Amino acid sequence: MVWESLGDLAQRNRLLQTAVEKDPSHAPAVERVAQLYREGGDVGRLAQLLERMVDAVPGVLGEQPDYRAPLQAGHEELAKLYSQGPLANPDLAARHWAKLA
C-alpha cells in the first residue's frame with residue numbers, strides 16, 4: 001500500500017494526519033490515524049478524529065458507498081468511548097448509539 005512506501009514512520013504518520021485534517025471523510029486514512037491514537041492510548045484525539053469522520057462521511061456516501069461500514073464503526077466506537085472512562089458522557093453515547101439503530 002502507498003502508506004508503507006512512504007518510508008520514515010514519523011514522516012508517514014505526519015502525512016497521514018495532514019491528509020485526515022484536509023479530508024476527514026477519507027475513511028481508510030482516518031482508520032490508520034485512529035489506530036495510531038489507539039496504540040498511543042490517546043482517547044481524546046481518537047474521539048475528535050472519529051467525530052470529524054462521522055460528520056464528514058455522510059456527505060460522500062453517494063460516491064463512496066463502501067464508507068458505510070467505517071461510518072457505522074465510528075459511531076460504535078464513539079458510543080463506547082462516551083459510555084465509560086475518561087470521556088464518559090451519557091448524552092454523546094446515546095447520540096452515537098441512536099445512529100446505529
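## Helix packing exercises

The buried residues of α2 are A27, A29, V30, V33, A34 and Y37. The model is predicted.

### Exercise 1. The buried face of α2

Find how the buried residues of α2 are arranged about its axis, and state what covers them.

**Solution**

Step 1. Place the helix. α2 runs over residues 27-40 and has 14 residues. From first C-alpha to last it reaches 20 Å, close to the 20 Å expected at 1.5 Å a residue.

Step 2. Look down the axis of α2. Its buried residues fall within an arc of 155 degrees, so they line one face of the helix.

Step 3. Find the cover. The buried residues of α2 are covered by elements including α1 (9-22), α3 (43-56) and α4 (68-83).

Step 4. Check what follows α2. Just after the helix comes G41, with a positive phi of about 70 degrees.

### Exercise 2. α1 against α2

Describe how α1 and α2 pack, then list the residues that make the contact.

**Solution**

Step 1. Choose the quantities. Two packed helices are described by the angle between their axes and the distance between the axes.

Step 2. Read them off. α1 and α2 pack at about 125 degrees, and their axes are 9 Å apart.

Step 3. Classify the angle. Roughly perpendicular covers 65 to 115 degrees, and roughly antiparallel means over 145. α1 and α2 are therefore oblique to each other.

Step 4. Give the hand. The crossing of α1 past α2 is left-handed.

Step 5. List the contact. α1 supplies N13, L16, Q17 and V20. α2 supplies A29, V30, R32, V33, L36 and Y37.

### Exercise 3. V20 in α1

Determine whether V20 is buried or exposed, and name the residues that V20 touches.

**Solution**

Step 1. Locate the residue. V20 lies in helix α1.

Step 2. Apply the cut-off. Buried means under 20% relative accessible area. V20 has 2%, so V20 is buried.

Step 3. List the partners. Leaving out residues up to four places away in sequence, V20 touches A29, V30, V33, L49 and R52.

Step 4. Take one partner further. V20 and L49 are 29 residues apart along the chain, yet their C-alpha atoms are separated by 8.4 Å.

### Exercise 4. α3 against α4

Work out the angle class and the hand of the α3 and α4 pair, and list the contact residues.

**Solution**

Step 1. Take the geometry. α3 and α4 pack at an angle of about 140 degrees, with 9 Å between their axes.

Step 2. Classify. That angle makes α3 oblique to α4.

Step 3. Give the hand. α3 and α4 cross in a left-handed sense.

Step 4. List the contact. From α3 come V43, L46, A47, L50, E51, M53 and V54. From α4 come P70, L71, G74, H75, E77, L78, L81 and Y82.

### Exercise 5. Two residues of α4

Assign H75 and P70 to buried, partly exposed or exposed, and give the contacts of each.

**Solution**

Step 1. Locate both. H75 is in helix α4, and P70 lies in helix α4 as well.

Step 2. Take H75. Its relative accessibility is 6%, so H75 counts as buried.

Step 3. Take P70. At 26% relative accessibility, P70 counts as partly exposed.

Step 4. List contacts beyond four places in sequence. H75 touches V54, H96, K99 and L100. P70 is in contact with A27 and M53.

Step 5. Add a distance for P70. Q48 is 22 residues from P70 in sequence and 15 Å from P70 in space, C-alpha to C-alpha.

Conventions: Residues are numbered from 1 along each chain as its sequence is written. This is a predicted model: local features need pLDDT of at least 70, side-chain atom pairs count only at pLDDT 80 or more; totals for chains, interfaces and linings use all residues. Side-chain values use heavy atoms; hydrogens and water are left out. Helices (H or I, at least four residues) and strands (E, at least two) are DSSP runs, numbered from the N terminus. The expected span of a helix is 1.5 Å times one less than its number of residues. Buried means under 20% relative accessible area, exposed over 50%, partly exposed in between (1.4 Å probe, protein chains only). The arc is that of the directions from the helix axis to the C-beta atoms. Contact means heavy atoms within 4.5 Å. Axes are lines fitted to C-alpha atoms, for helices over the stretch in contact, and angles run from 0 to 180 degrees between N-to-C directions. Angles under 35 degrees count as roughly parallel, over 145 as roughly antiparallel, 65 to 115 as roughly perpendicular and the rest as oblique. A crossing is left-handed if the near helix is turned anticlockwise from the far one by less than a right angle, and right-handed if clockwise.
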